[in-house]
Amino acid sequence: MLVLWNTGIVLLTVAAMEIIAAVSHKYIMHGWGWGWHHSHHAPHTSWFELNDLYAVLFAVLAIVLIAFGTAGYWPLQWIGAGMTLYGLLYFIVHDGLVHQRWPFRYIPRRGYLKRLYLAHRLHHAVRGREGCVSFGFLYAPPVAKLQATLREQKNRANVDVAKGRKDGRAVTPRPGNE
């Protein structure tokens with residue numbers, strides 16, 4: 001029975017990590033943590049990106065949880081194991097499949113992997129940290145929905161520019177100037 005509990009904890013942690021990673025990606029990495037994450041959105045020639053420090057940070061946290069768990073705090077080692085499994089899946093899907101950081105190239109032609117691949121490519125279709133779509137790593141919204149969101153943002157920016165705003169932010173009318 002304990003094996004089922006431990007397996008359940010690992011699988012729930014993997015699911016929770018996708019939510020945590022998506023929220024962290026959107027609000028931390030594309031927010032106050034952009035300094036590290038910017039390297040991931042810029043062309044690079046080296047094997048290492050400053051953005052990889054986020055993976056190191058999560059790996060250290062997983063190691064600490066596993067250490068506490070093996071020291072007697074039972075569920076923590078399985079939470080750490082779930083984080084480690086998520087990190088492995090992230091490395092395979094995101095770093096390998098999407099960004100081709102493997103020594104061989106594979107581009108999926110159909111199914112779930114193609115959806116993940118295209119969703120993350122659409123994430124990188126926007127220059128800078130504002131206006132990006134699809135912040136998850138193992139879940140991707142339908143590609144058509146992401147494309148529609150990007151088109152809507154582009155149309156909104158074009159309207160703003162036509163109204164005299166070059167920064168793309170919405171124009172707020174002042175009283176008497178409507």
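## A tour of the helices, hollows and salt bridges

Sorted by class, the residues that line the largest cavity comprise seven nonpolar, four polar and no charged ones. Please keep in mind from the outset that the model on your screen is a predicted one.

**Stop 1: the whole chain**

Begin with the protein chain in a cartoon view, where you can find six helices and zero strands, so that the pattern read along the sequence is α-α-α-α-α-α. Of the 178 residues in the protein chain, 34% count as buried. If you switch on a surface, the exposed area of the chain comes to about 11,800 Å², and carbon and sulfur atoms supply 67% of that area. Among the contacts in the chain with a separation of 6 or more, 49% are between residues 24 or more positions apart.

**Stop 2: the cavity**

Return now to the enclosed space with which the tour opened. The structure holds one cavity of 30 Å³ or more, and the volume of the largest cavity is about 50 Å³. Which residues should you select to see its lining? Choose Val 93, His 94, Val 98, Leu 116, Ala 119, His 120, Ser 134, Gly 136, Phe 137, Tyr 139 and Ala 140, which line the largest cavity. Helices α4 (74-98) and α5 (111-123) are the elements that give two or more residues to this lining.

While this selection is still on the screen, pick out Ser 134, which is one of the residues lining the cavity and which sits in the loop between α5 and α6 (143-162). The phi angle of Ser 134 is near 55°, a positive value in a residue other than glycine. Is Ser 134 buried or exposed? With a relative accessible area of 8%, Ser 134 is buried, because buried means a value under 20%.

**Stop 3: the pocket**

Next, clear the selection and turn to the largest pocket, which holds about 550 Å³ of space. Its lining is made up of 25 residues, and to find the centre you can select Tyr 54, Ala 55, Gly 87, Tyr 90 and Asp 95, which lie nearest to it. Colouring by element helps here, for the elements that give two or more residues to the pocket lining are α1 (2-32), α2 (34-41), α3 (52-70) and α4. Which of the elements supplies the largest share of the lining? That is α4, from which eight residues come. By class, the lining of the largest pocket divides into 16 nonpolar, six polar and three charged residues.

**Stop 4: the salt bridges**

Side chains of opposite charge can pair when their charged atoms come close. How many salt bridges does the structure hold? There are three, and the tour visits each of them in turn.

Select Arg 101 together with Asp 52, which form a salt bridge whose closest N and O atoms are 2.8 Å apart. Because Arg 101 lies in the loop between α4 and α5 while Asp 52 belongs to helix α3, this pair ties together parts that are 49 residues apart in sequence. Asp 52 counts as buried, at 13% relative accessibility.

Keep Arg 101 in view and add Asp 95, one of the residues nearest the centre of the largest pocket. Asp 95 also forms a salt bridge with Arg 101, and here the closest N and O atoms are 3.7 Å apart. Asp 95 and Arg 101 are both buried.

For the remaining pair, move to Glu 130 and Arg 129, whose side chains meet in a salt bridge of 4.0 Å, N to O. Glu 130 counts as exposed at 59% relative accessibility, whereas Arg 129, at 34%, counts as partly exposed. Going back to the earlier pairs, you can show Asp 52, Asp 95 and Arg 101 together, since salt bridges that share partners join these residues into one network.

**Stop 5: two loop residues**

Beside Arg 101 in the sequence, select Gln 100, which is placed in the loop between α4 and α5. Gln 100 has a positive phi of about 55°, although it is not a glycine, and its relative accessible area of 14% makes Gln 100 a buried residue.

Finish at Arg 127, in the loop between α5 and α6, which is exposed, with a relative accessible area of 82%. If you add Ala 42 to the selection and draw a line from C-alpha to C-alpha, Arg 127 and Ala 42 are 9.0 Å apart in space, although 85 residues apart in sequence.

Technical notes: Residues numbered from 1 in each chain as written. Predicted model: local features only at pLDDT ≥ 70, side-chain atom pairs only at ≥ 80, totals over all residues. Heavy atoms only, no water. 1 Å grid on protein atoms, 1.4 Å probe; cavity = no way out; pocket = protein on both sides within 12 Å on 5 of 7 lines; lining within 4 Å. Points joined across faces, edges and corners; volume = space filled by probe spheres on them. Helix = DSSP H or I, 4+ residues; strand = E, 2+ residues; numbered from the N terminus. Nonpolar A, V, L, I, M, F, W, Y, C, P; charged D, E, K, R; others polar. Buried < 20%, exposed > 50% of the residue type's maximum accessible area, 1.4 Å probe, protein only. Contact = heavy atoms within 4.5 Å. Areas by Shrake-Rupley, 256 points an atom, 1.4 Å probe, with all protein chains shown as cover.
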